[in-house]
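Hi,

Here is the structure I promised to send over. Have a look at it first, and then read on for my notes.

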Amino acid sequence: MFNCAGWGCTSLEGSGLQSGDNQVSVVARNAFAYLWLIRQPCLLLKLSDLTTVTHALVTSHLDYCNVLYMGLPLKSARKLQVVQNAAARLLTEAKYRDHASPLQQQLHWLPICFQAQFKVLVMNYKALHGMGADYLKDCLISYELAHLMRSSGGVYLPVPSSCLAGMQERTFSVVGPRLWNTLPKEAWFTFSLLSFHCLVKMFLFPEAFNTLLLIMEVLVICDFRP
């Protein structure tokens, strides 16, 4: 069984990372099929219409239940990233060999792995502010670290200290607090969901694209093709 305890998503058949990899392959294949269909009449569509169709048929497939992809190997996540890169090139009329990172920044898109992190953080925020499911809030055991953050009164979410190995590291009770604790304190204290979205994206964007440069270097060293 694909471990998604606390995520509120339907379990996937199979076992461990293998089932996750199979699911990623299916999503990537379907998204590429829609992208191929969109390319046919693209010259007849206005940019706004082309953007709407791409979001409806392609990026929505990539975003659906993407929290389940947290912790998957790079080679699995890259299958989805290739689809997002192709969609970005389509919307920006870029060439196939153009680097995708500047195009994603132009479109204000987070890379696939960071989109999953963004969604986890939003789920965290909603759970802590009574806007999410109760069972998600029960996964977050919060307490105030008065001796460390007495001046700010920030709320720290402790990561469970049980055996964090294998699939347990990918549950919401572990991933949620771990990501939450990396946020700047301004994000902890905002009372507006929209403001939280903006603060989290401002936090993730520099990290995402700096990390992507390092990943691309690794892929080149390992002789992966773009």
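Below is what I found in it, starting with how far to trust the model and ending with a few single residues.

First, the caveat: this is a predicted model. The mean pLDDT of the protein is 76, with 72% of residues at 70 or more. Confidence peaks in helix α5 (residues 112–128), where the mean is 90, and bottoms out in helix α7 (residues 146–149), at a mean of 38. The start of the chain needs care too: residues 1–18 stay under 50 in pLDDT, although the model gives them 52 contacts beyond four places in sequence. Over residues 217–226 the pLDDT is also below 50, and that stretch has seven contacts beyond its near neighbours in sequence. Where pLDDT is low, the predicted coordinates should not be read in detail.

Now the overall layout. You'll find ten helices and two strands. Going from the N terminus, the order is α-α-α-α-α-α-β-α-β-α-α-α. Of the 226 residues, 41% are buried. If you take the contacts between residues at least 6 apart in sequence, 66% of them join residues at least 24 apart. The accessible surface adds up to about 12700 Å², and carbon and sulfur atoms account for 60% of that.

On to the inside. The largest nonpolar core contains 28 residues, and those with the most contacts within it are Leu110, Val120, Leu121, Trp180, Leu183, Phe196 and Val200. Two or more residues each come from α5, α8 (172–180), α9 (185–189) and α10 (193–221). Helix α5 provides the largest share, nine residues. If you want one residue to click on here, try Leu183: leaving out residues up to four places away in sequence, Leu183 touches Leu121, Trp188, Phe196, Val200 and Phe203. There is also another core, apart from this one, with 23 residues, including Leu35, Ala88, Leu103 and Trp109.

On the outside, Tyr34, Trp36 and Leu37 form a nonpolar surface patch of about 330 Å². Trp36 sits in helix α1 (residues 16–39). Its relative accessibility is 54%, so Trp36 counts as exposed.

Asn85 goes the other way. This residue belongs to helix α3 (residues 74–92), and it counts as buried because its relative accessible area is 15%. Beyond its neighbours within four places in sequence, Asn85 is in contact with Ala100 and Gln104.

Last, two backbone oddities to look at. Cys65 has a phi near 50°, which is positive in a residue other than glycine. Cys65 lies in the loop between α2 (47–63) and α3. With 19% relative accessibility, Cys65 is classed as buried, since the cut-off is under 20%. Glu93 also has a positive phi without being a glycine, this time near 55°. You can find Glu93 in the loop between α3 and α4 (100–107). Glu93 is exposed, because its relative accessibility is 75%.

That's everything from my side for now.

Cheers

How values were computed. Residues are numbered from 1 along each chain as its sequence is written. This is a predicted model: local features need pLDDT of at least 70, side-chain atom pairs count only at pLDDT 80 or more; totals for chains, interfaces and linings use all residues. Side-chain values use heavy atoms; hydrogens and water are left out. pLDDT is the predictor's confidence in each residue, from 0 to 100. Helices (H or I, at least four residues) and strands (E, at least two) are DSSP runs, numbered from the N terminus. Contact means heavy atoms within 4.5 Å. A nonpolar core is a set of buried Ala, Val, Leu, Ile, Met, Phe, Trp, Tyr and Cys residues joined through side-chain atoms within 4.5 Å. Buried means under 20% relative accessible area, exposed over 50%, partly exposed in between (1.4 Å probe, protein chains only). Patches are made of residues with over 30% relative accessible area and no salt bridge: like charges are joined within 9 Å, nonpolar side chains (Val, Leu, Ile, Met, Phe, Trp, Tyr) within 5 Å. Accessible areas come from the Shrake-Rupley method with a 1.4 Å probe; for residues, only the protein chains shown count as cover. A salt bridge is a side-chain nitrogen of Lys or Arg within 4 Å of a carboxyl oxygen of Asp or Glu.
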